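Here is a quick tour for anyone meeting this protein for the first time. Have a look at the fold, then read on.

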Amino acid sequence: MTQPPQTRRFREALARVQRLFMLRPGVRLTTADAAQKAGLDRQVCRVMLRNLVDMGFLEQRLGGVIARS
């Protein structure tokens, strides 16, 4: 997967999604839940989650649930 350009808005959105998992240890979220909690469009949130999975910060589990690695 090619990385999108690391613009300021991209980094801010990535940090917003990352904080969801840092502030609540053990939290498991679907893409829809993460998008709602982060206040992001679902497609944008999906990209952020995929980047965090690729970085090894998050992992995708059964049923499409995302959790901290």
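What follows is a short walk through the sheet, one of the helices and two single residues.

First, a word on what you are looking at: this is a predicted model. The average pLDDT of the protein is 91, and 93% of the residues score at least 70. Confidence is lowest in α1, with a mean of 94, and highest in β3, at 97.

Let's start with the sheet. Three strands form an open sheet in the order β1-β3-β2, and the pairing is antiparallel. That leaves β1 (28-29) and β2 as the edge strands, each pairing on one side only. Two bridges join β1 and β3 in the antiparallel sense, and Leu29 has Ile66 in β3 as its bridge partner. Helix α1 lies across β1, β2 and β3, running at about 65 degrees to β3.

Now for helix α3, which covers residues 42-54. Its 13 residues reach 18 Å from the first C-alpha to the last, close to the 18 Å expected at 1.5 Å a residue. At the N-terminal end of α3, Asp41 acts as a cap, with a side-chain oxygen 3.0 Å from the backbone nitrogen of Gln43. Just after the helix comes Gly56, which takes a positive phi of about 90 degrees.

Which residues of α3 are buried? They are Cys45, Met48, Leu49, Asn51, Leu52 and Val53. These buried residues pack against α1 (8-23), α2 (31-38), β2 (58-60) and β3 (66-68).

Two single residues are worth a closer look, and here is how they compare on paper.

| Residue | Place | Relative accessibility | Counts as |
|---|---|---|---|
| Thr31 | helix α2 | 17% | buried |
| Val65 | loop between β2 and β3 | 21% | partly exposed |

Why does Thr31 count as buried? Buried means under 20% relative accessible area, and Thr31 is at 17%, so it falls in that class. Leaving aside residues up to four places away in sequence, Thr31 touches Arg42, Cys45, Arg46 and Leu49. Among these, Cys45 and Leu49 are themselves buried residues of α3.

Val65 counts as partly exposed because its relative accessibility is 21%. With residues up to four places away in sequence again left out, Val65 touches Arg28, Leu29, Glu59 and Gln60. Leu29 sits 36 residues from Val65 along the chain, yet their C-alpha atoms are separated by 5.4 Å. Leu29 is also the residue whose bridge partner in β3 is Ile66.

Technical notes
Residues are numbered from 1 along each chain as its sequence is written. This is a predicted model: local features need pLDDT of at least 70, side-chain atom pairs count only at pLDDT 80 or more; totals for chains, interfaces and linings use all residues. Side-chain values use heavy atoms; hydrogens and water are left out. Helices (H or I, at least four residues) and strands (E, at least two) are DSSP runs, numbered from the N terminus. The expected span of a helix is 1.5 Å times one less than its number of residues. Buried means under 20% relative accessible area, exposed over 50%, partly exposed in between (1.4 Å probe, protein chains only). Contact means heavy atoms within 4.5 Å. A polar contact is a pair of N or O atoms within 3.5 Å; within protein, one must be able to donate a hydrogen and the other to accept it, and residues adjacent in sequence count only if both atoms are side-chain atoms. pLDDT is the predictor's confidence in each residue, from 0 to 100. Two strands pair if DSSP finds at least two bridges between them. Axes are lines fitted to C-alpha atoms, for helices over the stretch in contact, and angles run from 0 to 180 degrees between N-to-C directions.
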